[in-house]
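User: I am new to this structure and would like a close look at a single part, the surroundings of the ligand. Please set that part in the context of the chain around it.

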Amino acid sequence: MPEGALEIDRISKRYGDVVALDEMSLTVRGGEMLGFVGSNGAGKTTTMRIALGVLAADSGQVRYGGAPVDRAVRNRIGYMPEERGLYPKMKVLEQLQYLGELHGMRRTEAARAANRWTERLGLAERREEQLQKLSLGNQQRVQLAAALVHDPEVLILDEPFSGLDPVAVEVMSTVLGEKRDQGVPVIFSSHQLDLVQRLCDRVGIVRRGRMVADGTVEELRSSGPVLLTVHAPHAPADWAQGLRGVTVESSRGGHTTLRLDDTADDQEVLRAALETGPVHEFSRARPSLNELFRDVVTEETDE
Ligand SMILES: Nc1ncnc2c1ncn2[C@@H]1O[C@H](COP(=O)(O)OP(=O)(O)OP(=O)(O)O)[C@@H](O)[C@H]1O
């Protein structure tokens, strides 16, 4: 395993009868950004809390740079919790400086970092305000600053983009991209799939406490089913019913989208289409990431 990788190795966690994680595994390498996606309750927060060590797994192991994550390693992780646990009555700068010191920085060093990050994240005007007086988006920027103030070697962020305005999204994306480029493994959970697709080197899809798909966007798309778009203007609505390995996804006004499994023969489909009259379009496509995610979520709710 390359140096600087965070490895989550078959961790399981139950809450009474609820299986939150079932042998969940994932690896984020140094210099890589991984988007962690899945429907509500799939196990993302539980995984991240265990990776950080604030929650214990029932079994499995979390390693960083090949060694189990201990207290010293935890100090070098930057974490942005979903529940945003900062001190509401403390002033922004004071709070960040304090958090830096908690992570072992000297006072002056922590003050410098707190100043730098507030400047960078557009919070310079807010330094002397109590956190609770800030808008939610600005509180979130402070949370990011809190995750970054001690110059962490690993970044674990639970839904860092939720509720941010477009400017803040860009600031957050840029900062995370810079950390990645500096060699930091970055993992964040999100329901904003467009952002995940745009920013991440790899995507992990979690479902019911297990990693069900893990790869680059292109790898995931090419592992998905083949879709066929057919335009046969005179075809009756049911022209493709009963063809081997073919499911009709949608059909309207002679435009049909078909999903093909491994047993399907596209030439057989073409012949069936031609039997209905002229065929103006016959093209193959791979599902978009959005469609892939939707499939995973649908399977989950169907069960
Ligand atoms: N403290 C707890 N006590 C009991 N069950 C819990 C607890 N924390 C989480 N769970 C359960 O564990 C499962 C995984 O929850 P988790 O919060 O990790 O999901 P998630 O993927 O982060 O969801 P979301 O996208 O909604 O944030 C869910 O079934 C949840 O109800």
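Analyst: What follows begins with the chain as a whole, then turns to the ligand shell, the sheet beside it, and one residue from a later strand.

This is a predicted model, and its chain has 303 residues, of which buried residues make up 36%. The secondary structure comes to ten helices and 14 strands, and the C-alpha trace spans about 80 × 45 × 35 Å along its principal axes. Among the contacts in the chain with a separation of 6 or more, 68% are between residues 24 or more positions apart.

The part you asked about is made up of the residues around the ligand, which are Tyr15, Val18, Ala20, Gly38, Asn40, Gly41, Ala42, Gly43, Lys44, Thr45 and Thr46. Two elements, β2 and α1, give two or more residues each to this shell, and α1 gives the most, with three residues. Sorted by character, the shell divides into four nonpolar residues, six polar ones and one that is charged.

Both of these elements can be followed outward into the neighbouring sheet. Four strands form that open sheet, with antiparallel pairing, in the order β2-β1-β4-β5. Strand β2, which covers residues 18–28, is one of its edge strands, and β5, at residues 67–68, is the other, so called because each pairs on one side only. Further inside the sheet, strand β1, residues 6–15, runs antiparallel to strand β4, residues 59–64, and five bridges join the two. Within this pairing, Glu7 stands opposite Arg63 in β4.

The helix that gives the most residues to the shell around the ligand also has a clear place relative to this sheet. Helix α1, residues 44–52, lies across β1, β2 and β4, and its direction is at about 120° to that of β1.

A residue from much later in the chain can be placed beside this region as well. Arg207 belongs to strand β9, which covers residues 202–207, and its C-alpha atom is separated by 9.3 Å from that of Leu21, although the two residues are 186 apart along the chain. Arg207 counts as partly exposed because 18 other C-beta atoms lie within 10 Å, whereas a buried residue would need 20 or more and an exposed one would have 12 or fewer.

Taken together, the shell around the ligand draws on β2 and α1 for two or more residues each, while β2 forms an edge of the four-stranded sheet and α1 lies across three strands, β1, β2 and β4.

Terms used: Residues are numbered from 1 along each chain as its sequence is written. This is a predicted model: local features need pLDDT of at least 70, side-chain atom pairs count only at pLDDT 80 or more; totals for chains, interfaces and linings use all residues. Two residues are in contact if their C-beta atoms, placed from the backbone, lie within 7 Å. Axes are lines fitted to C-alpha atoms, for helices over the stretch in contact, and angles run from 0 to 180 degrees between N-to-C directions. A residue is near a molecule or strand if its C-beta atom, placed from the backbone, lies within 6 Å of it. Ala, Val, Leu, Ile, Met, Phe, Trp, Tyr, Cys and Pro count as nonpolar, Asp, Glu, Lys and Arg as charged, and the others, Gly among them, as polar.
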